[in-house]
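Reader: I'm new to reading protein models. Could you walk me through this one?

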Amino acid sequence: MGTKGKIIKCKAAIAWEANKPLSIEEVEVAPPKDHEVRIQLTWLIFFLRITTIIATALCHSDAHILHPQFEGGFFPVILGHEGAGIVESVGPGVTNFKPGDKVIPLGVPQCGKCKFCLSPRTNLCGKLKNFKNPLSDQKLMEDGTSRFTCKGKPIYHFMGTSTFSQYTVVSDVNLAKLEDDANLERVCLLGCGFSTGYGAVINNAKVTPGSTCAIFGLGGVGLSAVMGCKASGASRIIAIDINSEKFTKAKALGATDCLNPKDLDKPIQEVIVEMTNGGVDFAFECAGGAKIMRAALDSVTVGWGVCTIIAVNVNDSGLNVSAMELLMGRTLTGTSFGGWKSVTSVPKLAADYKNKKLDLDALVSHTLPFDKVNEAFDLMYQGKSIRTVLLF
């Protein structure tokens, strides 16, 4: 019997409260309503003994919600926003997707109709309501209700995606359609980390051939920025992290120099300024925190230096910038999802991966079964992983 129009019971990882491990529970996932799509994130095909496994990945943004000091936290919630799956059913009014389509849920929507979507100057969308704290946005569907229930209680969505569930329901403007032969176990990374770091270089900063760059933080986002700088033709790419074990990977992806601030006898920005005769052309802050943002801004040259902020920390105190710093020609900017128009751009990135123009494989350090989601969080907290892919 088919599942269309019916409630589906499946496995999901629920955060019942802050600062606690996720709990694997049986949840009920309601059918999609108007302009919604229900996605199967676990799919087994018993045909010629071929098994197709759909995946989700772990990102620091998922951990922010669990932090006890996060302002605007909401529980219980199903986290996860880097995933890929297959359409199980569609609600009324959905015309761009059909059952069986391979898709990537997107935390950054693209309705295609609002003033933001119609402008080439931004990739934001008017569907978002809370621009000050987007992680707290899209916790319910457009009608103000949830499609998840557990033990008789409604469960919040996360970023309109909630990929830590075998089935999820998303708006049709939060979904990118892929080619039939897409490798979902890898392109799930396009839902956030890779797209953000790579796009910050390509779309926001617009790194130029022959330029010098500094990347602060070598997690999945930072290493993606390294790849973006190499693809843009940067002549010098300085990679910075307090974990020197990440340097081998960074150099393999294009870094020309690697620095560990713990090994230096002066502030990292002073070292970079000395190395580059006055500062780099472009700096990318991929770790979060006011101290690192300050170091990144101080690392760019006067006249034309561009510093792009990519990462944030929970309850960050912010960055104090004097007018004179900007008057001297430095530019301080930020990025959301790497500047990509999500629905239209992600399929192109997936095609580039298929055609070996992008190396998503290099970002996957661990692959674990979904039941080990808390172990994946531990690896991330300990700085031992770049990206962990969870297989249902």
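Here are a few questions and answers about one strand and one surface patch.

Author: Quick ground rules: this is a predicted model, where local features need pLDDT of at least 70 and side-chain atom pairs count only at pLDDT 80 or more, while totals for chains, interfaces and linings use all residues. Residues are numbered from 1 along each chain as its sequence is written, and side-chain values use heavy atoms, leaving out hydrogens and water.

Reader: How many residues of strand β13 are buried?

Author: Strands are DSSP runs of E, at least two residues, numbered from the N terminus, and buried means under 20% relative accessible area (1.4 Å probe, protein chains only). In a regular strand the side chains alternate between the two faces of the sheet. In β13, T212, A214 and F216 are covered on one side, and C213 and I215 on the other. For residues 212-216, that's 5 of 5.

Reader: Which residue in β14 stands opposite I215?

Author: Two strands pair if DSSP finds at least two bridges between them. β13 and β14 (residues 236-240) run parallel, joined by 5 bridges. Opposite I215 in β14 stands A239.

Reader: And what is the bridge partner of C213 in β16?

Author: β16 covers residues 282-285 and runs parallel to β13, with 4 bridges joining the two. C213's partner there is F282.

Reader: Is L327 buried or exposed?

Author: L327 sits in helix α8, residues 323-327; helices are DSSP runs of H or I, at least four residues. Exposed means over 50% relative accessible area. L327 has 62%, so L327 is exposed.
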